[in-house]
Amino acid sequence: MYSTEQLSGILLLTASCKFNIVRVRSNRGWEPRFLIYIRPPEKMIQALCETLEAEDISFSLIRERGRRVDSILIRRRHSIFRVCEIFPSFVPSKNSGWETFKILMGMIKENKHLEDDSKYNFEAIMNEDEEKTKDLHREVGDRKDL
């Protein structure tokens, strides 16, 4: 079993987050969908699962195509909020979208996704993050060999 600080370090190295807006048949016509994948080495899975249970984080083990080791999938809202609390801010991580993901999840925690114009606000934040990524790729691509 790992401590909370060790768990935050493991999340930095092995966790990826995803946030999507999907169309649904409801009054608003859309819903936010979010999840966190943790892809640890095989030796760490058992201890990591015990740590997540101790931290009251719900998860499931899934076998991804083309991967020999199980991945940990976190989908429940309260569990994702807990991971966002543990995950350190403003540090480099495996997935560059964590800062934006935490902002979007904060909006959901405050029930801003239930407001009338909220889809526009969510998409604006998501598109802003995509533009930052594109700018970074352009900058790296324009480097000259020294």
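In what order do the strands of the open sheet stand, and with what pairing? The order is β1-β2-β4-β3, and the pairing is antiparallel. This is a predicted model, and the report below works outward from that sheet.

## Overall layout

The protein has 5 helices and 4 strands. Read from the N terminus, the elements run α-β-β-α-β-β-α-α-α. The chain has 146 residues, and 37% of them count as buried. Take the contacts between residues at least 6 apart in sequence: 56% of these join residues at least 24 apart.

## The sheet

The sheet is open and holds 4 strands. Strands of a sheet pair through backbone hydrogen bonds, either parallel or antiparallel. Here the pairing is antiparallel. The edges are taken by β1 (15-23) and β3 (60-62). Each edge strand has a single partner, so one side of each is left without a neighbour in the sheet. From one strand to the next, the twist averages 30 degrees.

Strand β4 covers residues 71-74 and is joined to β2, residues 30-38, by 3 bridges. These two strands run antiparallel. Within this pairing, I36 stands opposite I74 of β4. Strand β4 also pairs with β3, in the antiparallel sense and over 3 bridges. There, L61 has I72 of β4 as its bridge partner.

How do the side chains of β4 divide? S71 and L73 point one way, while I72 and I74 point the other way. Are these residues buried or exposed? All are buried.

## Helices on the sheet

Helix α1 (residues 4-14) lies across β1 and β2. It runs at about 65 degrees to β1. Helix α2 (residues 45-54) packs on the sheet and touches β2, β3 and β4. The direction of α2 makes about 20 degrees with that of β4.

Several residues of α1 are buried: L7, S8, I10, L11, L12 and T14. Their cover includes β1, β2, α2 and α3.

L48 is a good place to look inside α2. Its relative accessibility is 0%, so L48 counts as buried. Leaving aside residues up to four places away in sequence, L48 touches Y2, L7, I10, I38, P40 and I72. Two of these contacts, L7 and I10, are with residues listed as buried in α1. Another, I72, is a buried residue of β4. I38 sits 10 residues from L48 along the chain, and their C-alpha atoms are separated by 9.7 Å.

## The α3 and α4 pair

Helix α3 spans residues 77-86 and helix α4 spans residues 98-109. Their axes come within 10 Å. The crossing angle is roughly 130 degrees, and the two helices are therefore oblique to each other. The crossing of α3 past α4 is left-handed.

Which residues of α3 and α4 meet? From α3 come R77, I80, F81, V83, C84 and E85. From α4 come W98, F101, K102, M105, I108 and K109. By class, the residues of this contact divide into 8 nonpolar, no polar and 4 charged.

The buried residues of α3 are S79, I80, F81, V83, C84 and I86. Among them, I80, F81, V83 and C84 also take part in the contact with α4. What covers the buried residues of α3 includes α1, β2, β4 and α4. Helix α3 in turn is part of the cover over the buried residues of α1.

## Two loop residues with positive phi

Two loop residues have a positive phi although neither is a glycine: D56 and N111. The table sets out their values.

| Residue | Loop | Phi | Relative accessibility | Class |
|---|---|---|---|---|
| D56 | between α2 and β3 | about 60 degrees | 55% | exposed |
| N111 | between α4 and α5 (118-141) | about 60 degrees | 41% | partly exposed |

Why do the classes read this way? Exposed means over 50% relative accessible area. D56, at 55%, is therefore exposed. N111, at 41%, counts as partly exposed.

Technical notes:
Residues numbered from 1 in each chain as written. Predicted model: local features only at pLDDT ≥ 70, side-chain atom pairs only at ≥ 80, totals over all residues. Heavy atoms only, no water. Axes fitted to C-alpha atoms, helices over the stretch in contact; angles between N-to-C directions. Parallel < 35°, antiparallel > 145°, perpendicular 65-115°, else oblique. Left-handed = near helix turned anticlockwise from the far one by under 90°. Contact = heavy atoms within 4.5 Å. Nonpolar A, V, L, I, M, F, W, Y, C, P; charged D, E, K, R; others polar. Pairing = 2+ DSSP bridges. Buried < 20%, exposed > 50% of the residue type's maximum accessible area, 1.4 Å probe, protein only.
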